[in-house]
Structure formats: C-alpha cells, structure tokens
Amino acid sequence: PVDAIMERVNGFVGGYVVNGMPLSSSPEFEVKIPLSKLVIGMGNRWCDGVKHCIIEPSSLKNAFDITKDTYGEGFSGVMFWTVEEEGDDAESRMANALKREFEDLHPGEIRDEL
C-alpha cells in the first residue's frame, strides 16, 4: 500500500496532463497539487479488501514520512468516508488509529473531528 500511495503522491506533486477540458483554449491542461493542499482519502477499517482497498494507518504514516524525506514536507492530511459507520468501540475507529500514528508530529495538535 505504501508504494501505491507514493505513486499517487508523486503523480499529484509532479503533475499530470488532462486532455479535452471543456471551455479551455488549450487542448491540454497540467494539474499539480502542492503537498500543502494534498489530503489522502481512503475507506474506513471495515473495507473488505475486494471492492475497497484496506489501507492501515501505519502505511499512511510511512507514506507521510517518505513524502517528507523526499520533498521536505509531508502531505496535508488524511481522511476517510462515512464517519457514522466507524463503529462503537474505540479500537476499531479509523480516527483513533490515525491519531495514534500521527500524534508524534505535533503532540496535542492532532484534531479528531468526530
């Protein structure tokens, strides 16, 4: 999963070309996303690994560290969908697992938006 995350991070930072943009005077448009604006999105922990990829918080943290080593800064954050389906027990909640992985970056500053 880390390699797949990094492939996307590198692609967004390095840029990619979009062809056939409506109402564009140019046939091609290059899209780049700076790391300060890049947020990695993934499914919750209940993903089945078939329809949706399971990405563990430790893989996201490893990708963040590689990004920081490569570019001098990490991506802006991580997110997931369907907060109300996160589960009732604290250990299964993606938000709690992400908080544990990333809290060494800025102790006391990690926001849990739940």
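This passage describes the predicted model of a single chain, with emphasis on helix H2 and the nonpolar core.

Because the model is predicted, local features were considered at pLDDT of at least 70 and side-chain atom pairs at pLDDT 80 or more, whereas totals for chains, interfaces and linings use all residues. Residues are numbered from 1 along each chain as its sequence is written, and side-chain values rest on heavy atoms, with hydrogens and water left out.

The secondary structure comprises 3 helices and 4 strands, taken as DSSP runs numbered from the N terminus (helices: H or I, at least four residues; strands: E, at least two). Along the sequence, these elements follow the pattern α-β-β-β-α-β-α. Of the 114 residues in the chain, 28% are buried (under 20% relative accessible area, against over 50% for exposed and in between for partly exposed; 1.4 Å probe, protein chains only). The chain exposes about 7,600 Å², of which carbon and sulfur atoms supply 52%; areas were computed by the Shrake-Rupley method with a 1.4 Å probe, and for residues only the protein chains shown count as cover. Among contacts (heavy atoms within 4.5 Å) between residues at least 6 apart in sequence, 57% join residues at least 24 apart.

Helix H2 covers residues 57-71. Its 15 residues should span 21 Å at 1.5 Å a residue, and this agrees with the 21 Å between its end C-alpha atoms; the expected span is 1.5 Å times one less than the number of residues. Just after H2, Gly72 adopts a positive phi of about 85°. The buried residues of the helix are Pro57, Ser59, Leu60, Lys61, Ala63, Phe64 and Thr67, and they pack against helix H1 (2-14), strand E3 (39-42), strand E4 (77-80) and helix H3 (94-102).

Two of these positions illustrate the packing of H2. Pro57 counts as buried because its relative accessibility is 3%; its C-alpha atom lies 8.7 Å from that of Arg100, 43 residues away along the chain. Ser59 is likewise buried, at a relative accessible area of 11%, and contacts Pro1, Val2 and Ile5 when neighbours within four places in sequence are left aside.

The largest nonpolar core (buried Ala, Val, Leu, Ile, Met, Phe, Trp, Tyr and Cys residues joined through side-chain atoms within 4.5 Å) contains 18 residues, of which Val9, Met42, Leu60, Phe75 and Leu98 touch the most other members. Elements H1, E3, H2 and H3 each give two or more residues to this core. Excluding residues up to four places away in sequence, Met42 touches Ile55, Leu60, Val78, Met79, Phe80, Trp81, Met94 and Leu98. In soluble globular proteins, nonpolar side chains tend to be buried together.
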